[in-house]
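Please look through the sequence and the 3D structure before reading on. The text begins at the ligand and then turns to the protein interior.

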Amino acid sequence: MTLQTLAAQLEALIGRERDPLPNLANASALIFHSLEGLNWAGFYLYKGGELVLGPFQGKPACVRIALERGVCGAAARQRRTLVVDDVHAFAGHIACDAASKSELVVPLIHDGRLLGVLDVDSPMLARFSQTDVQALQELCRVLVLSCDWPVALSSTGRG
Ligand code: SME
């Protein structure tokens, strides 16, 4: 599967389903099995002012991440995609899996509201290219628009 078809594949998997839980679960499996050289792919959802572990593929991970912490917190706080070529050079990186060397985090934002982040890790240095960024941003765009997000996920959507 080419990266260009990732979002289209997700659209096909989602169909008419609007529940975020199965759609996030299938999205994490699709990413994990479509991109080479990953050791983790999944979601953290913004709840009560912090990021809480959601559907993922890979080893068990830390459950809660404050917005002040880690690559995930930084991407959520800054509301922009972050690519970290060497996580050990990123101050505050949270090592859920010691094997991780590079990381890509895409915030999930709908109508200005922060819903969570997509986090993808690799045991290779500088694994993620601009092509990966574009493919995963497009996948996140599809995901955000395809689900009915509960209001309770965050009260204000502001970090
Ligand atoms: N490394 C992330 C934490 C999540 S795990 O990688 C799954 C971070 O620094 O935010």
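**From the ligand to the core**

In this predicted model, 13 residues surround the ligand, and Val 71, Cys 72, Ile 94, Glu 103 and Asp 121 come nearest to it. Some polar contacts can be picked out. A polar backbone atom of Cys 72 lies 2.8 Å from an oxygen atom of the ligand. On Glu 103, an N or O atom of the side chain is 3.1 Å from a ligand nitrogen. Asp 119 has a polar side-chain atom 3.3 Å from an oxygen atom of the ligand. Taken on its own, the ligand has 300 Å² of accessible area, and the protein covers 99% of it.

Now turn to the interior. In soluble globular proteins, nonpolar side chains tend to be buried together. The largest nonpolar core here has 30 residues, of which Leu 10, Ile 31, Leu 118, Leu 136 and Leu 143 touch the most other members. Two or more residues each come from α1, α2, β1, β5, β6 and α4. Helix α4 gives the largest share, eight residues. Apart from this core lies another, of 19 residues, including Leu 51, Val 71, Val 84 and Val 117.

Leu 143 shows how parts of the chain meet. Beyond its neighbours within four places in sequence, Leu 143 is in contact with residues including Leu 10, Phe 43, Trp 149 and Asn 23.

Is Asn 23, in helix α2, buried or exposed? Asn 23 counts as buried because its relative accessible area is 3%, and the limit for buried is under 20%. A polar atom of the Asn 23 side chain lies 3.2 Å from the backbone oxygen of Asp 19. Outside its neighbours within four places in sequence, Asn 23 is also in contact with residues including Leu 10, Glu 17 and Cys 147.

Conventions
Residues are numbered from 1 along each chain as its sequence is written. This is a predicted model: local features need pLDDT of at least 70, side-chain atom pairs count only at pLDDT 80 or more; totals for chains, interfaces and linings use all residues. Side-chain values use heavy atoms; hydrogens and water are left out. A nonpolar core is a set of buried Ala, Val, Leu, Ile, Met, Phe, Trp, Tyr and Cys residues joined through side-chain atoms within 4.5 Å. Buried means under 20% relative accessible area, exposed over 50%, partly exposed in between (1.4 Å probe, protein chains only). Helices (H or I, at least four residues) and strands (E, at least two) are DSSP runs, numbered from the N terminus. Contact means heavy atoms within 4.5 Å. A polar contact is a pair of N or O atoms within 3.5 Å; within protein, one must be able to donate a hydrogen and the other to accept it, and residues adjacent in sequence count only if both atoms are side-chain atoms. A residue is near a molecule or strand if one of its heavy atoms lies within 4 Å of it. Accessible areas come from the Shrake-Rupley method with a 1.4 Å probe; for residues, only the protein chains shown count as cover.
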